[in-house]
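Colleague: I should like to understand how the labels attached to this model are justified. May I ask for the reasoning behind them, one after another?

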Amino acid sequence: MTSISGKTDIDWAAFATALAPVETITDTVLVKKRSRDFFWYSPLLNDSLRNCFGDLVARPKNHAEMVHTLAVAYAHDAPVVLRGGGTGNYGQAVPMDGGLIIETTGLNRVLDVGRGFVRAEAGALMADINRVLADSGQEMAMFPSTQDIATIGGFVAGGSAGIGSIANGALRDPGNLIALSALSVEAAPQTRVFNGADTLHIHHAWGLNGVITDVTLRTVPRRDWVGCMATFDSYAAAYAAGYALARDGTIAAKLITTVDARICAYFPKLAGHIRKDKHLLVSLIPQEHRDPFASLIRDAAGHVDLMMTDTERQDLGLPHVFDFSYNHTTLQVLKADRSATYQQVGCPIPPDPEAIANVRPKLGDDVWMHHEFARVGGEIVTFDLPIIWFTTPERLAEINATYTANGFAVYDAHTWNVEGGGLKADYTHLAWKKRMDPKGLLNSAKSRFWADVAHLSPDEIEALGQS
Ligand SMILES: Cc1cc2nc3c(=O)[nH]c(=O)nc-3n(C[C@H](O)[C@H](O)[C@H](O)COP(=O)(O)OP(=O)(O)OC[C@H]3O[C@@H](n4cnc5c(N)ncnc54)[C@H](O)[C@@H]3O)c2cc1C
């Protein structure tokens, strides 16, 4: 069996034999499919990553099989990339060095549910966990809008926030990520348990410093949610209403999204349900907060177009309202036109409708705003995930520069290295990589700095972050 990636000289047939009884996928088309994620949102990442493939897929179905898989990879010096649902946007799950792809979805048991927490195996789907939690009157404190395909391990290793974050904070906020277990990649892989703040060493490290096997996340009491859509004459008014809703002490929203009217034109499923050519606010609120929500929208010069329980939504034949939030907003546009892309931009804190109104004309007509409201470190913040009509890398750089010059922070969505997006600014994740993955087999190409520090001890690497 030759190398599909063209980057390894491992005997993959012998490798697959050594993996038995672990299920493997050797078919070239299927291996190539599992080498992709949603990197194609970015034309720059698409250029760099579309021809990167793994060589073999392993699908362990329990902890012992995962341990065996990692031991075989270690023995063969095989590059390894973990894969959950493959819904990451930055090519996190793309095997840039070729090698073994380990699909985790066979490890999918919900292990424990208690008051305020759920513990699940890394490959459990977020939507499945939410279904199990419903029986105990709970739900996850937050989940990504990809919950039907995304795994809990992939969310912790590759995600950051989601539906629920305006109420409960980002994943990295204290109390949300309670614990995780991760396996090292050694001759005899070892489990290490990370609790509380220590989980942040592994969180959002794109699976380069340990193989997460189970995760304990915060849960919150389940509520009867109503999906809302309101429309406004100006984007500034929609954004100001979003901020008012986020601050309102009587309405417990778990989602607040605002979307430029030009983007809404790409939401054919909403045609006839929301006012045409208007700027949109999307929200999820508890059933008992319908009246104060309607008053708030009225006071903000808006119009309530939709307020629906889940049953009412299904009767109308509409998708979940969160299909128009987070990176699903971008997806709706990309379905119609692949020349669109996006960016991730942190806005001035506290949210300032005037700052948003001022920067809009400076950005130009090829940038259409979309904001997500969240609570990070207890503060209300907003992130702009604008649709950008891509022309050239230079124009994209110019757009980034305009944001930055006006006091916005760009967390670049067009980079394939984990340090590029802003969450892994020091060397702690690499010190843990050295401890958990001494041969540097786990997704190493995704770190800009790993090759420079791989020869150092974990403590020496950690010290670099303090200097
Ligand atoms: C339409 C759309 C909407 C999105 N919305 C959101 C959102 O609301 N919030 C958000 O945060 N993100 C969002 N994302 C990004 C992504 O969907 C989420 O982060 C998701 O949780 C990733 O889960 P996954 O199982 O698909 O992970 P994958 O894409 O499979 O993996 C993500 C990263 O984690 C690593 N990994 C996977 N499993 C393990 C493991 N067991 N141990 C160690 N490393 C592992 C992979 O190697 C990879 O680096 C969105 C993406 C799309 C395309």
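Colleague: How many residues of each class make up the shell around the ligand?

Modeller: In this predicted model, the shell around the ligand has 15 nonpolar, 21 polar and two charged residues. The shell comprises 38 residues, and the closest are Gly 84, Gly 154, Gly 158, Gly 159 and Gly 207.

Colleague: What makes those five closest residues count as polar?

Modeller: Each of the closest residues, Gly 84, Gly 154, Gly 158, Gly 159 and Gly 207, is a glycine. Glycine is placed among the polar residues by the classification, so these residues belong to the polar class.

Colleague: Which elements give two or more residues to the shell?

Modeller: They are strand S3 (80-83), helix H6 (152-158), strand S10 (211-221) and helix H12 (326-336). H6 provides the largest share, five residues. The shell also draws at least three residues from each of domain 1 (12-103) and domain 2 (225-410).

Colleague: Where do the centres of these domains lie, and which residues make the contact between them?

Modeller: The C-alpha centres of domain 1 and domain 2 lie 35 Å apart. The contact takes five residues from domain 1 and seven residues from domain 2. On the side of domain 1 that touches domain 2, three residues are nonpolar, two are polar and none is charged.

Colleague: Which residues have the most contacts inside the largest nonpolar core?

Modeller: The largest nonpolar core has 142 residues, and those with the most contacts inside it are Val 80, Ile 152, Val 156, Val 185, Ile 212 and Ala 241. Helix H8 (residues 235-247) contributes the largest share of this core, nine residues. At least three residues of the core come from each of domain 1 and domain 2.

Colleague: Which residues does Val 80 touch?

Modeller: Leaving aside residues up to four places away in sequence, Val 80 touches Ala 73, Gly 99, Leu 100, Ile 102, Val 185, Leu 441 and Leu 442.

Colleague: Let us turn to helix H10 (residues 290-299). What makes its buried residues line one face?

Modeller: The buried residues of H10 are Phe 293, Leu 296 and Ile 297. Seen down the axis of H10, they fall within an arc of 95 degrees, so they line one face of the helix. In an α-helix there are 3.6 residues a turn, so residues three or four places apart point the same way. The face of H10 turned away from the buried side carries the exposed residues Asp 291 and Asp 299.

Colleague: What do the buried residues of H10 pack against?

Modeller: They pack against strand S11 (225-232), H8, strand S13 (279-286) and strand S14 (303-308). H10 is followed by Ala 301, whose phi is positive, near 65 degrees.

Colleague: Which residues of H12 are buried, and what do they pack against?

Modeller: The buried residues of H12 are Tyr 326, Asn 327, Thr 329, Thr 330, Gln 332 and Val 333. They pack against strand S12 (255-259), helix H9 (261-264), strand S15 (340-342), strand S18 (370-376) and S20.

Colleague: Why is Thr 392 called exposed?

Modeller: Thr 392 has 9 other C-beta atoms within 10 Å. A residue is exposed if that count is 12 or fewer, so Thr 392 is exposed. Thr 392 is found in the loop between strand S20 (387-389) and helix H14 (393-405). Its C-alpha atom is separated by 9.5 Å from that of Leu 44, although the two residues are 348 residues apart along the chain.

Colleague: How do you know whether Asp 77 is buried or exposed?

Modeller: Asp 77 has 12 C-beta neighbours inside 10 Å. The limit for an exposed residue is 12 or fewer, so Asp 77 counts as exposed. Asp 77 is found in the loop between helix H4 (63-76) and S3. Its phi is near 55 degrees, a positive value in a residue other than glycine.

Colleague: Why is Asp 277 also placed in a class by its C-beta neighbours, and which class is it?

Modeller: With 10 C-beta neighbours inside 10 Å, Asp 277 counts as exposed, because the limit is 12 or fewer. Asp 277 lies in the loop between H9 and S13, and its phi is positive, about 60 degrees, although it is not a glycine.

Terms used
Residues are numbered from 1 along each chain as its sequence is written. This is a predicted model: local features need pLDDT of at least 70, side-chain atom pairs count only at pLDDT 80 or more; totals for chains, interfaces and linings use all residues. A residue is near a molecule or strand if its C-beta atom, placed from the backbone, lies within 6 Å of it. Helices (H or I, at least four residues) and strands (E, at least two) are DSSP runs, numbered from the N terminus. Domain bounds come from an automatic or database domain assignment. A nonpolar core is a set of buried Ala, Val, Leu, Ile, Met, Phe, Trp, Tyr and Cys residues joined through C-beta atoms within 7 Å. A residue is buried if 20 or more other C-beta atoms lie within 10 Å of its own, exposed if 12 or fewer, and partly exposed in between; C-beta atoms are placed from the backbone. Two residues are in contact if their C-beta atoms, placed from the backbone, lie within 7 Å. The arc is that of the directions from the helix axis to the C-beta atoms.
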